Amino acid sequence: MGTGTGGQDPAQPQRTPAVRISSPTGRWILLATVLGSSMAMLDSTVVNVALPRIGEDLDAGLAALQWTVNAYLVTLAGLLLLGGSLGDRYGRCHVFVAGVLWFAAASLLCGIAPNATVLIAARALQGVGGALLTPGSLALIQASFHPDDRGRAVGLWSGLGGIGAAVGPFLGGWLVAGPGWRWIFLLNVPLALICAPVAVRHVPESARERADGRFDVLGAALGALSLALVTYALIEAGHGSLAVPLTAAAGILTGAAFVHVERHRSDPMLPPGIFASRQFTAVNLVTVCVYAAFGGFFFLTALQLQVVAGYSPLRAGTALLPTTVLMLLFSARSGALADRVGPRLPLTAGPLLCAVAMLLMLRVGKDADYLTDVLPALLVMGAGMVVLVAPLTAAVLASVDTSRAGLASGINNTAARAAGLLAVAALPLLTGMGPEAYRSADAFDASFRRAMPICAGLLVAGAVLAFATVRRPAPDCRRPECRVHGSVTAPPLEGGRPRGAARPAATASPPTAFPPAISPRADAPTDPDTDAAD
């Protein structure tokens with residue numbers, strides 16, 4: 001598959017990457033990886049804006065809208081680590097292309113869904129494609145480009161991908177208001193029809209030289225099933241059905257089975273030993289707090305602006321742009337500052353700023369003025385996320401050994417997505433939001449005003465936890481390669497350092513990274529293609 005090493009058996013030893021960014025192959029690789037990552041990043045930001053129109057068109061209740069968001073996140077979060085391992089074993093380009101095609105097929109099914117049930121099932125399938133696609137994008141860049149060009153290649157890829165994430169809400173609003181909500185999914189099909197052939201023809205294949213061990217399929221299935229069962233129980237809890245406590249109990253038992261399997265496997269997907277680092281555990285608890293708040297905020301705010309404030313989908317999507325634009329412009333500077341002062345202060349101040357933004361959103365009601373009511377809250381929200389996200393990634397990487405950097409980042413990203421989906425499931429229950437609340441401005445506004453203080457409380461809890469537990473890392477710890485970031489759904493993923501790559505300087509500002517492949521075994525021998533010895 002691809003040129004250079006095209007057609008090479010993934011199991012054969014890999015040579016030092018030699019593709020130059022100025023070469024035709026280099027430009028093709030950038031095109032394929034940018035298109036692939038843009039599909040997943042766009043999809044994570046456009047769906048919330050379309051929810052009111054989806055509910056109206058399919059005559060769906062609030063629970064169906066929650067599942068439209070969460071079905072995707074359940075399978076993505078549950079299978080993300082496994083997806084990286086598949087790329088390590090069978091070839092990153094093979095798995096990347098499979099993910100692109102799977103994602104496009106599921107997107108097509110979303111676009112033609114005749115009812116909410118089919119849409120939710122298709123969204124779950126989309127998440128499977130995302131779990132195959134997401135880990136491969138940056139991994140292909142790291143494995144393909146010459147070490148001298150790798151930093152610039154990552155910069156171009158991350159900059160273009162960040163622009164895609166930033167314009168996602170605007171594009172989603174424009175599509176919903178124009179051709180219709182189905183086109184937020186159908187747009188992925190032509191992107192895939194360009195991306196997949198380019199990858200097959202031009203992207204060099206790569207895989208780990210020693211990708212041994214069995215795949216933890218059982219662990220991945222138990223993790224995803226536990227998330228799905230708990231999510232179902234939270235969404236349906238207001239109906240008083242006997243199925244709710246039974247499903248909740250099944251979810252807890254499945255979660256316990258997941259922990260048991262991971263503790264007793266020789267090659268677990270999520271090695272429990274990594275949590276022996278108290279710093280790693282603490283940073284992940286901070287992640288759960290802040291991304292639960294973010295997940296609930298962006299889900300409810302997109303609805304509040306349309307249902308209560310009376311914004312059109314286009315205006316609501318455009319209204320959310322300042323947050324992502326601020327992250328895109330200033331996240332690199334925030335990361336450089338955190339390198340100098342340490343992560344403790346940013347991880348304390350960032351959540352507190354976001355908590356203030358949540359409380360400022362209480363000003364957004366009927367006929368809210370954008371400049372005086374909406375924009376201040378979103379600017380403060382963006383500033384808080386700028387301060388928070390890059391140092392969060394740095395703290396995760398600094399809390400574990402360099403050989404486990406990719407695994408640690410994958411766990412942290414999965415924790416963020418799981419926290420977001422649980423917040424989307426739980427907040428309507430906690431705020432008394434009925435199944436038809438999004439059809440009533442008064443009912444939804446009342447629940448929104450109860451939800452924002454809850455989200456602010458989660459952020460304050462995260463800030464307090466960070467202040468109490470996060471410490472300055474050692475001077476020689478692993479530094480993030482990913483600095484520029486525009487997604488609001490999860491922190492950027494980092495992988496092991498590719499062969500021949502130097503350790504990033506503490507004050508450098510290299511661009512963002514999207515997740516490279518994640519090792520199937522934390523105790524496997526270090527792979528020179530992904531984790532060079534320091």
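**Exercise 1. The largest cavity**

How many nonpolar, polar and charged residues does the lining of the largest cavity have? Place this cavity in the predicted model.

*Solution.*
Step 1. Search the whole structure: 5 cavities of 30 Å³ or more turn up.
Step 2. Take the largest cavity. It holds about 350 Å³ of space.
Step 3. List its lining. There are 22 residues, and S44, N48, F298, V488 and T489 lie nearest the centre. Two or more lining residues come from each of α1 (24-58), α2 (62-90), α11 (278-308) and α16 (405-430).
Step 4. Sort the lining by class. The result is 12 nonpolar, 7 polar and 3 charged residues.

**Exercise 2. Helix α11**

Work out what α11 should span at 1.5 Å a residue, and test the value against the model. Then decide: is α11 largely enclosed by the rest of the structure, or largely open?

*Solution.*
Step 1. α11 has 31 residues. The expected span is 1.5 Å times one less than the number of residues. That gives 45 Å for α11.
Step 2. Compare with the model. The end C-alpha atoms of α11 are 44 Å apart, which agrees with the expected span.
Step 3. Apply the burial cut-off: buried means under 20% relative accessible area. Of the 31 residues of α11, 27 are buried, so the helix is largely enclosed by the rest of the structure.
Step 4. Look just past the helix. There G310 takes a positive phi of about 80 degrees.

**Exercise 3. The largest pocket**

Which residues are closest to the centre of the largest pocket, and which helices each supply at least two residues of its lining?

*Solution.*
Step 1. Start with volume. The largest pocket has about 720 Å³.
Step 2. Its lining has 29 residues; L227, F258, L270, T414 and A418 are the closest to the centre.
Step 3. Assign the lining to helices. α2, α9 (217-236), α10 (243-264), α11 and α16 each give at least two residues.
Step 4. Classify the lining of the pocket: 20 nonpolar, 7 polar and 2 charged residues.

**Exercise 4. The setting of T254**

Is T254 buried or exposed? Which backbone oxygen lies 2.6 Å from a polar atom of its side chain?

*Solution.*
Step 1. Locate T254: it is in helix α10.
Step 2. Its relative accessible area is 12%. The cut-off for buried is under 20%, so T254 counts as buried.
Step 3. Check the polar partner. The oxygen belongs to the backbone of A250, 2.6 Å from a polar side-chain atom of T254.
Step 4. Leave aside neighbours within four places in sequence. T254 is then in contact with L222, L225, S226 and L229.

Key. Residues numbered from 1 in each chain as written. Predicted model: local features only at pLDDT ≥ 70, side-chain atom pairs only at ≥ 80, totals over all residues. Heavy atoms only, no water. 1 Å grid on protein atoms, 1.4 Å probe; cavity = no way out; pocket = protein on both sides within 12 Å on 5 of 7 lines; lining within 4 Å. Points joined across faces, edges and corners; volume = space filled by probe spheres on them. Helix = DSSP H or I, 4+ residues; strand = E, 2+ residues; numbered from the N terminus. Nonpolar A, V, L, I, M, F, W, Y, C, P; charged D, E, K, R; others polar. Buried < 20%, exposed > 50% of the residue type's maximum accessible area, 1.4 Å probe, protein only. Polar contact = N/O pair within 3.5 Å; in protein donor to acceptor, adjacent residues only side chain to side chain. Contact = heavy atoms within 4.5 Å.
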